[in-house]
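The following exercises concern salt bridges, surface charge, strand pairing and backbone geometry. Please work through each task before reading its solution.

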Amino acid sequence: MLCVGCFLQGVVAPAPSWWSVALLLVCLQLPWLSPIQATICLSQDSTQTGGCLCASDIISCTALDLDQVPGKMPVYAVTLDLSHNQIEQLRGGAFEGLYRLETLRLAHNQLTTIHVGAFQNTSGALLRYLDLSSNQLRVLKQHYFQDLPGLEELLLFNNRIVQVESRALAGLGNLRKAYLSHNRLTHFPFFSIQEHSHPNLSMLDLSSNRLLKLPLEDISNLPSLVQRGLYLHNNSLECECSMYGLFRYWEKKGYASVRDFRQEHTCRVYGIQKGTVRFFQHGSYFDKCNLTALNEQLREQNSSVSVTVGKAVLLHCLTTLIGRSVTFLWVSPNQEYVAPPGNNGSLKMFTNGSLEIVAARAEDSGIYWCMALDQKQQRNETREINVTVVPHHESEPHESFNTGFTTLLGCVVSLVLVLMYLYLTPCHCPTCRKAPTPATATTSLGNEAGVGSGQSSILTPTPPTTTEGPGRKISLSNLYTLLSR
């Protein structure tokens, strides 16, 4: 109305002022105030943008029963909402000319196909948010998003996706969040997510799918930022040690993907007794798993395991092959082939590919080869694990005990010898003299007592009484003779 008023004022007035002419030119340059653009957006023609609502740079065409993307969309659109329609496919050039588009919502349609070039000639690097949730997509092909290098959030949950091609997410270097939950995925190309290809990816939601087995090696090679935001709850994972160890490892590191969904982490038991186990609540099911060795493999990502002689160790066959058609075979260091359930009682093998050395021996050291074969896809993978059997060193505890006992025995013997020296000193008189006269005897005894007192004052508190008679001490040689008897 302001522009119309300006225009009428410029036409009717006999001498329009300079400011009215300038205002008219400004109004003509504003596309969102142009009567032509407003007419297209509000047109009732179904081949155009019939019934769409426009507010500034936002265009909403929701719930209009559209079966294709409307043509001749306003080029100034930054946000385009086409959700809750009946669109089945995106043809090449469907969004041509929308160079400012940043947000595109196509949720709750009937999309089954995205043709090559569907996002060509659009904003490209500017498009940051793409919502394709609640559609009928079955396969994510590598050309779907190749024209969207600036994409940051990709919503694909609640589709019927059964396969993600290895390069479907290639080229999305700015991708931060990808939601693929509530689909029908049985496997996912984790190896395609690398630090250099997806440096900003912090959330990958694969929950509520049909994943059967996790490729532990590929997941452990994921960037730490991706691992922190990898959601895998509510899947059909097989109950196996490698899977359990992975989630326990993430739990110890405090990842929110595990902490916030403890109740939803389940695994399935196959075989005679089928069922579902909530393994964070019933961890006793995995009591026999060697989580220590598994955590070492997760931390160090190496293929070396050490075990003490006589102890048991469980070796995990880490592979990217998944499914029930995958079979496993181990080769021991002595070129012996091992298949379930094992052989000779020393090696026990499980159907999930894990190999247990029941009681490690020195000859069990060496390279163990694991071979995984997918008979359905005619693919195979191998992995080697270097097992080192460490001696038990049984002599060390006994040696410390023997040393202590010897020391104690030496102390006792030394004490006995000291006591023997103090109390059982032999008589040094070669011959016994005749009994002296009373006066001489008294003098002699006094002298001997004085000498004895002087000698015994250092070695003993009490001087010897006499050297002869009934109180005479036994000699050391006689003591040895008695002891020898």
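**Exercise 1. Determine how strand E23 pairs with its neighbours.**

Strand E24 (residues 379–390) runs antiparallel to E23, and 9 bridges join the two. Strands and helices here are DSSP runs, numbered from the N terminus, of at least two residues for a strand (E) and at least four for a helix (H or I); two strands pair if DSSP finds at least two bridges between them. The model is predicted, with pLDDT of at least 70 required for local features and 80 or more for side-chain atom pairs, while totals for chains, interfaces and linings use all residues. Residues are numbered from 1 along each chain as its sequence is written, and side-chain values use heavy atoms, without hydrogens and water.

Step 1. Within this pairing, Cys-370 has Arg-383 of E24 as its bridge partner.
Step 2. The hairpin of E23 and E24 has 4 residues between the strands, and Gln-378 takes a positive phi near 55° there.
Step 3. E23 (residues 366–374) also pairs with strand E18 (residues 326–331), in the antiparallel sense and over 6 bridges. Thr-327 stands opposite Leu-373 of E23.

**Exercise 2. Give the strand order of the open sheet that contains E21, and identify its edges.**

Step 1. The open sheet has 4 strands in the order E17-E22-E21-E20, with antiparallel pairing.
Step 2. Its edge strands, E17 (313–315) and E20 (342–343), each pair on one side only.
Step 3. Strands E21 (residues 347–349) and E22 (residues 355–357) pair over 3 bridges, and Met-349 stands opposite Leu-355 in E22.

**Exercise 3. Locate the salt bridges and explain what the pair Glu-251 and Arg-262 connects.**

Step 1. The whole structure holds 5 salt bridges, each defined as a side-chain nitrogen of Lys or Arg within 4 Å of a carboxyl oxygen of Asp or Glu.
Step 2. Glu-251 and Arg-262 form one of them, at 2.1 Å from N to O. Because Glu-251 lies in helix H6 (residues 241–252) and Arg-262 in the loop between helix H7 (256–259) and strand E14 (267–269), the pair ties together parts that are 11 residues apart in sequence.
Step 3. Glu-251 is partly exposed at 27% relative accessible area, and Arg-262 is partly exposed at 31%; the classes are buried under 20%, exposed over 50% and partly exposed in between (1.4 Å probe, protein chains only).
Step 4. Arg-248, Glu-251 and Arg-262 are linked in a network of salt bridges.
Step 5. Arg-259 and Asp-260 also meet in a salt bridge, at 3.5 Å from N to O. In the bridge between Glu-363 and Arg-361, the closest N and O atoms are 3.6 Å apart; Glu-363 is exposed at 54% relative accessibility.

**Exercise 4. Describe the backbone at Pro-341, Ser-134 and His-182.**

Step 1. As background, most residues other than glycine have a negative phi, and most peptide bonds are trans.
Step 2. Pro-340 and Pro-341 are joined by a cis peptide bond with omega of about 5°. Pro-341 is in the loop between strand E19 (337–338) and E20.
Step 3. Ser-134 has a positive phi near 55° and is placed in the loop between strand E7 (129–131) and strand E8 (139–140). Ser-134 is buried, at 11% relative accessibility.
Step 4. His-182 has a positive phi of about 55°; this residue is in the loop between strand E11 (177–179) and E12. At 48% relative accessibility, His-182 is partly exposed.
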